[in-house]
Every structure is written in C-alpha cells, then in structure tokens.
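Hi,

Here is the structure I promised to pass on. Have a look at it first, and then read my notes below.

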Amino acid sequence: MHEPGHEHHSQTIEFPRETEGLPEACKTELVELADGDEFEFEIIPVKKRIGDATVRMLTYNGSVPGPTLKVQQGATITIHVTNHGDLDATVHWHGLRLENRYDGTHETQAPIPVGKTFTYEVSVPDPGAFWYHPHIREDYGQEMGLYGNILATPSEPDYWPPANRELLLTLDDVLIEDGRIAPFSASETTHVAMGRFGNVMLISGEPDLSLEAQRGEVVRVYFTNTANTRVFNVALPGAQLKLVGADAGHCEHEQRVEEVLLAPSERAVVDVLFGEAGEIELEHRTPERIYRLASITVADETPERSFADDFAQLRTSRDMTELREQIQRFLKAPPDKTLSFIAEMDMGVPEGVDVIYVCPMHPEVASEEPGSCPKCGMKLLAQAAEETTYVCPMHPDVTSDKPDRCPTCGMKLISASLAAAGGEHGHHHDHHDRGEHEGDGQHHDEPKGDGEDHEGHGHHDHRHEPEHDHDMAQGIEWEDDMVEVNRMTTPSNMRWKLVDRDTGAENAQIDWTFRVGDQVKLRLVNEMDSDHPMPHPFHVHGAGRFLILARDGVVEPNLVWKDTVLVRTGETVDILLDVTNPGRWMAHCHIAEHHESGMMFSFNVTPAAGPPNAS
C-alpha cells in the first residue's frame, strides 16, 4: 500500500510558497443542502493574513476552513471537486459511512489530476460533526488549509438537548518561519517522528478569533481537531460546559466537564452556558502552559428564550444504554484482532570515531552503549563522542558542556552534531521552551496555575518553563521536544508500524476480511518497547463505526460512537467495530506524518452472505 510522496530524492524540490497574484482568502461559507442537492468544490491556492505574515495556503472554495455543509441525517448529496492545487488530490469524507468508491483514498478512486474534476456521492447516515480533507500528502494539504466540516442534523427532533444556536470550530496549528509557512518537500514527508507541530494556533482558520454571546445563552459548539499532530485540551473558564456528544453521535450520559481533550481528527459536541456578562477566553491547556485560542464577549443581554434549565439536566440516551446491555458479552471476551503500535528509528552511526548515545528529548541522558531513555523510553541516538558540546539552535554562539538553556532566549540547548545536521533547514522556534510564537503576534502562553491574568494579544512571554516530564504528561506529547531531530526524520530513517500480533504482518501486509454484520473486538496496544513511544489517534474509515470498550482493562463509563480513538503512550484500548459497509477500507494513525510514512493498512468487508468472520 503506497501513496505518492514517499520516494526519496537527493535534491529537495519544495512545494510553492509564493503569494504574488493569488486571491485573498474569503470567509467560510455555510451551505445548507437537501437530499439530492449538488455543490461545487474547487481546490485553489490563496493568500491569507496570519498575524504579521501573509502566507500561501490551499483551500476548498477559497476559505480556511472550506465551506461548512449542513445536511439532514439520511441525505445523500453530490459534490463535484475540481483540482487547481499543487498535486493530485482526493477528498476523504472523514467519519461518514458512505459507499466505498467515494471514500476518497488512492485505493478507492483514481486521484484527481490538476485541472480535472471528480464527482462524489456523499451519504450522511449518522448525526454529528464530520469533516473532509485530502488523503494524498495529507501532511501537506491539511497544514496548508485543506479541511472543512459537515454538520449532519439529526432526524430525531430531541436527539440533542435544546440550545439557542450552534457553532462549529476547527482547532489547528501551523508552522510559520520567516513570514511564510515552513517549507514542504514535494518528494518526501518530513517531521515523521513527532509529526509537524505548528507555532501559531488557528481557530476556524483565524489566529485571533473573536466571538460574541449573550448572558444566559446556551450555544452548542462542535469542535474538530484538524491539526497534523497536536492534541488539544479545550477549556472555557467563565462558562459552564456540558459534553453531549463526540465523533458520530450523542453520549450515553451527558456530563459536566471542565475541559475536553481532542486528538487529531476527533470531534466533541459541547453545550456551553454563558452565565455572566464579560470577557472570557477559550483556552488550550497542557500540563505546563495555557494557550489562548479565542476571545468571547458575553453581552449583558438575554436571549428571547433561555435554556438554562434544560442545560442543568444531564440526560441519558436510551439507544446507548441499550447498546451497553448488548455489548456486555464482549467486555471479557478475547480480542478478535490485536494491533501493536511500534516505531523503528535508524538515524545512522558516525563512522571512524568513538560514539556516545544520547536521547534527543533529554540530552542529559547519555550512554556508552545503545539503549533507551529511562525518562521517555525513546531510543538513544548515536553521535560522535567528542561532540559533547551543546549549542542553542537560535543563538549558535551560546555553547555549554551541559544541556542547559540559552540565557538569551531560554531555549533548550541541543548537541552540536544535531544542530549542525538540522541547520540547513533553517530555524524552528520551539515555543515549548521559549514561551513564544514565531511570526504570529497573536498568542501568548502562561505556566499553568500562576495566578496571573492573561495579558493582551501580541505579548510574548519569555518566562522559562520546567523541563517536560514525559512520565507526568498524561501519555501525550503536547509539544515537539526534539525539534531538529524531528525535522530530519523521513520514511527512510523512521518507520511507524501497525503490527498484527497474531501473524506478525506489518502495515500494508495486514490482511483482514470481515463481513457486514460482524462485531469485531480490536485490541490496540501502544508498545513502550519501541524506538519512540508516543500517543497515536487510530482512525477507521467508513466500514463502520466503533465503541470504546475499555482502556487498560477499565470499562469505558460513557459510550459514544467513534471513528477515531487516542491510544496514549503505553496504553491498551479495546474497541468494538460494528461492520456495516462492504468494500475495501483503510485504518491508520491520524498523525498526518505517521500515515504518510506508512502507518496504515486496508481490510476487506464482504456482503453479509460472504465468508465467516476474521479469515
């Protein structure tokens, strides 16, 4: 199973970044479509203002995100996609259980050449917020702005609790260097180890989003994480949050929450009650810092009708409680299939010199023998023993014989050999260590719990942060902690694998067959015995939808239909796949760079009269 963009070339050819002559990006359009309606998509480049930078981006119909399609559950619409982008294209309709031939992968359709058109029949069988994005060079297309939402309104009138209005917000980040989006190689994927973290947050395509609400208003917010690799943890101090749904439907139990975690491609449906007038901020919270995502002005005016009393009720969904009874027999049953998540990393060994082995995340960890880092489990990388000088990537005149921090910018010093190897790619401003964003001037971040008020946009916070502790980070890589090494990783030196434990088959060699009507228990094991243990959002295409049964043996307390699940570092997750659609379907890690490096496989689903389960 091979997708374009994985070939290695000695001479790097970059995708275009110039903005001259491009149209300005426009606002995202809300398009309501009825059953049988048709709509046109055009993939086109635009120029878009992000903070102080004007950058080239790719769009559906000129906007980031692309048009929001509002469709009634059960409808089928026709979308004609014309490609005026940079490379062959497909559109994947993420989370939708549609006909296999319209799934939008290279296995289900011929890619759309530049200048050509392909027509999709998009069926919407489930309620919720879904999204669309490329499935060829997904790492490039998504970073450049190719994504948008589909809002499927439920057939049942009381499926969701009452709300005054609905709002769709995409969560993203983009890497801007020297006033432009950091370059992409046209011949191979980079940043394969960690995925490509951005240094500017984009909320619904904007770095400085301002929203309005009324006191006493209940707003249903559909969050979608469209980032390449960043996990978002969303909070809204000053308002009350109630989680009512996720990827493909409502929760078994509505619940009050303080924050909502979304891995790449996950969605969350959250009802928000704005109880008091004033200014509040939407935040992304990690164990070490707070990012401001958007500002919300709550007016001292009340809506014509208040749903505060309805908000106070925590409903239970009958369909999901009935499902819980039906799945009891699967909880203690052995898995039908077990997948391991494993990394193999080979950055080479210097020849003709003595070497030491150093952790790129914790450069103070060094050994004379190959091994793994005791702090994070990552493979120690070889470097010349005499090159034990540490240098600041931002200020190369700052050196030390210890892995300290730069007194000028606060950035973590890295080994001189790694800095030299990564220098040809330009500087990457590591805002995790510096506490600032390069080029955006729109966000600042604060150490969590410092008790100070947020200051205005454009403020750069240079306070030093504590060392990132992987053992205490909730099994999530919140930031890129090995910037230069990550930039240098490609499919040629970093291999991400999904491994069938029963057969030993890896990635494209995995050969599974199910039939319509099967309920398949899959065990997902994120191995610590790996060259780079880290979390993975595992996504299953439209063969069906699944329920999370248990995490590390603990039964999931709140069922909801899903198409993506975050498997944290070292975690084991059991899911139950409800197989409904025949055809050939893909499953993969939804970190875009992992998917592009081969961390995927496809499986077959036969009609109900086909061969027995799990051949």
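A term to start with: "buried" here means under 20% relative accessible area, "exposed" means over 50%, and "partly exposed" is anything in between, with a 1.4 Å probe and protein chains only. Before the findings, the fine print: this is a predicted model, where local features need pLDDT of at least 70, side-chain atom pairs count only at pLDDT 80 or more, and totals for chains, interfaces and linings use all residues. Residues are numbered from 1 along each chain as its sequence is written, and side-chain values use heavy atoms, with hydrogens and water left out.

Ile112 is a nice place to begin. At 2% relative accessibility, Ile112 counts as buried, although this residue is found in the loop between β6 (92-94) and β7 (117-123). (Strands are DSSP runs of E with at least two residues, helices are runs of H or I with at least four, and both are numbered from the N terminus.) What is Ile112 in contact with, leaving aside its neighbours within four places in sequence? The list is Val81, Asn83, Leu87, Asp88, Ala89, Thr117, Phe118 and Tyr120, where contact means heavy atoms within 4.5 Å. For Leu87, the C-alpha to C-alpha distance to Ile112 is 8.6 Å, with their positions 25 residues apart in sequence.

Some of those names come back in a cavity. On a 1 Å grid over the protein atoms alone, a cavity is a set of points where a 1.4 Å probe fits but cannot get out; a pocket is an open set with protein on both sides within 12 Å along at least five of seven lines; and lining residues have an atom within 4 Å of a point. Points are joined across faces, edges and corners, and a volume is the space filled by probe spheres set on them. The structure holds 7 cavities of 30 Å³ or more, and the second largest has about 80 Å³ of space. It is lined by 15 residues, and Leu87, Asp88, Ala89, Pro134 and Leu146 are the closest to its centre. The lining divides into 8 nonpolar, 5 polar and 2 charged residues. (Nonpolar covers Ala, Val, Leu, Ile, Met, Phe, Trp, Tyr, Cys and Pro; charged covers Asp, Glu, Lys and Arg; the others, Gly among them, are polar.)

Now the pockets. The largest has a volume of about 750 Å³. Of its 32 lining residues, the closest to the centre are Leu243, Val260, Leu261, Arg551 and Glu556. Two or more lining residues come from each of β17 (240-246), β18 (249-257), β19 (259-262), β20 (267-273) and β35 (544-551). β19 gives the largest share, 4 residues. By class, that lining has 16 nonpolar, 6 polar and 10 charged residues.

β35 deserves its own look. Since 7 of its 8 residues are buried, β35 is largely enclosed by the rest of the structure. It runs antiparallel to β38 (residues 572-579), joined by 7 bridges, and antiparallel to β36 (residues 554-555), joined by 2 bridges. (Two strands pair if DSSP finds at least two bridges between them.) Ala550 has Asp574 as its bridge partner in β38 and stands opposite Val555 in β36. The hairpin of β35 and β36 has 2 residues between the strands, and Asp552 there takes a positive phi near 50°.

The second largest pocket holds about 570 Å³ of space. It has 25 lining residues, with Thr28, Glu29, Thr68, Leu168 and Ser204 the closest to its centre. Here β10 gives the largest share, 5 residues. The lining comprises 11 nonpolar, 5 polar and 9 charged residues. β10 also runs antiparallel to β13, with 4 bridges, and Val174 is partnered with Val200 in β13. In β13 (residues 200-203), Val200 and Leu202 point one way and Met201 and Ile203 the other, and all are buried.

Towards the higher numbers, 5 of the 7 residues of β39 (residues 583-589) are buried. It pairs antiparallel with β34 (residues 536-540) over 3 bridges and with β40 (residues 600-606) over 6.

For the whole chain, the count is 7 helices and 40 strands, and 60% of the 615 residues are buried.

Cheers
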